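Good morning, everyone, and thank you for making room for this on the agenda. I would like to walk through one structure with you, from the overall picture down to a handful of side chains.

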Amino acid sequence: MWSTVKVFLWWFIVGATMALAVIMLQGGIREAIQTPGSVWGIKLVELLTTILGGGLLGGCVALILDRIKKS
């Protein structure tokens, strides 16, 4: 059980970091910073959901591959 959680957390962090790196390469962070007014909150939520999605994708794929490796 604990090893499964560790695998998920490690790859969640890696996936979220990779998603953040892609956003930064595409200029999404600069675009969010330069956005005036209340759109900043909307843009921040958009960025966070993308980063969270990258983390979940990385973590879930790692769990599937770990399960295949063990069986």
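Let me begin with confidence, since what you see here is a predicted model. Across the protein, the confidence is highest in helix H1, residues 2-26, with a mean pLDDT of 91, and lowest in helix H2, residues 28-34, where the mean is 73. The average for the protein is a pLDDT of 86, and 93% of the residues score at least 70. As a general caution, predicted coordinates should not be read in detail where pLDDT is low.

Now to the architecture. The protein has three helices and zero strands, and read from the N terminus the order of elements is α-α-α. If you picture a box drawn along the principal axes, the C-alpha atoms fill roughly 50 × 20 × 15 Å. The radius of gyration is 15 Å, whereas a compact globule of 71 residues would have a value near 11 Å. Buried residues make up 24% of the 71 residues, and the protein exposes about 5,400 Å², of which carbon and sulfur atoms supply 75%. Among the contacts with a separation of 6 or more, 75% are accounted for by residues that sit 24 or more positions apart.

With that background, let me turn to helix H1 and to some of its residues. Gly15 lies in helix H1, and with a relative accessible area of 12% it is buried, because the cut-off for that class is under 20%. Which residues does Gly15 touch, once those up to four places away in sequence are set aside? The partners are Gly54 and Gly55. The C-alpha atom of Gly15 is separated by 15 Å from that of Ile64, a residue 49 positions away along the chain.

Leu20 is also placed in helix H1, and it is partly exposed, with a relative accessible area of 30%. Leaving out residues up to four places away in sequence, Leu20 touches Ile29 and Ile51. Between the C-alpha atoms of Leu20 and Gly55, which are 35 residues apart along the chain, the separation is 9.7 Å.

Trp10, again found in helix H1, is exposed, with a relative accessible area of 52%. From Trp10 to Ile23 there are 13 residues in sequence and 20 Å in space, taken from C-alpha to C-alpha.

Let me move on to helix H3, which covers residues 39-70 and includes Ile64. Where would one look for a nonpolar patch on the surface? Such a patch, of about 500 Å², is made by Leu57, Val61, Ile64, Leu65 and Ile68. Two of its members deserve a closer look. Leu57, which is found in helix H3, has a relative accessibility of 57% and therefore counts as exposed, and Ile64 falls in that class with 52%. The C-alpha atom of Leu57 is 10.0 Å from that of Ala19, with their positions 38 residues apart along the chain.

The last item concerns charge. In general terms, side chains of opposite charge can pair when their charged atoms come close. How many salt bridges does the count give here? The count comes to one salt bridge, and it joins the side chains of Lys70 and Asp66, with a distance of 3.5 Å from N to O. Both Lys70 and Asp66 lie in helix H3, four residues apart, which is about one turn of the helix. The two partners differ in their surroundings: Lys70 counts as exposed, at 55% relative accessibility, while Asp66 is buried, with a relative accessible area of 14%.

To draw this together, the picture I would like you to keep is of a predicted model with three helices and zero strands. Helix H1 contributes the buried Gly15 and the exposed Trp10. From helix H3 comes the salt bridge between Lys70 and Asp66, and Leu57 and Ile64 are among the residues that make the nonpolar patch. Thank you, and I am glad to go back to any of these residues on the screen.

Key
Residues are numbered from 1 along each chain as its sequence is written. This is a predicted model: local features need pLDDT of at least 70, side-chain atom pairs count only at pLDDT 80 or more; totals for chains, interfaces and linings use all residues. Side-chain values use heavy atoms; hydrogens and water are left out. Patches are made of residues with over 30% relative accessible area and no salt bridge: like charges are joined within 9 Å, nonpolar side chains (Val, Leu, Ile, Met, Phe, Trp, Tyr) within 5 Å. Accessible areas come from the Shrake-Rupley method with a 1.4 Å probe; for residues, only the protein chains shown count as cover. A salt bridge is a side-chain nitrogen of Lys or Arg within 4 Å of a carboxyl oxygen of Asp or Glu. Helices (H or I, at least four residues) and strands (E, at least two) are DSSP runs, numbered from the N terminus. Buried means under 20% relative accessible area, exposed over 50%, partly exposed in between (1.4 Å probe, protein chains only). pLDDT is the predictor's confidence in each residue, from 0 to 100. The radius of gyration is taken over C-alpha atoms; the globule rule is 2.2 Å times the number of residues to the power 0.38. Contact means heavy atoms within 4.5 Å.
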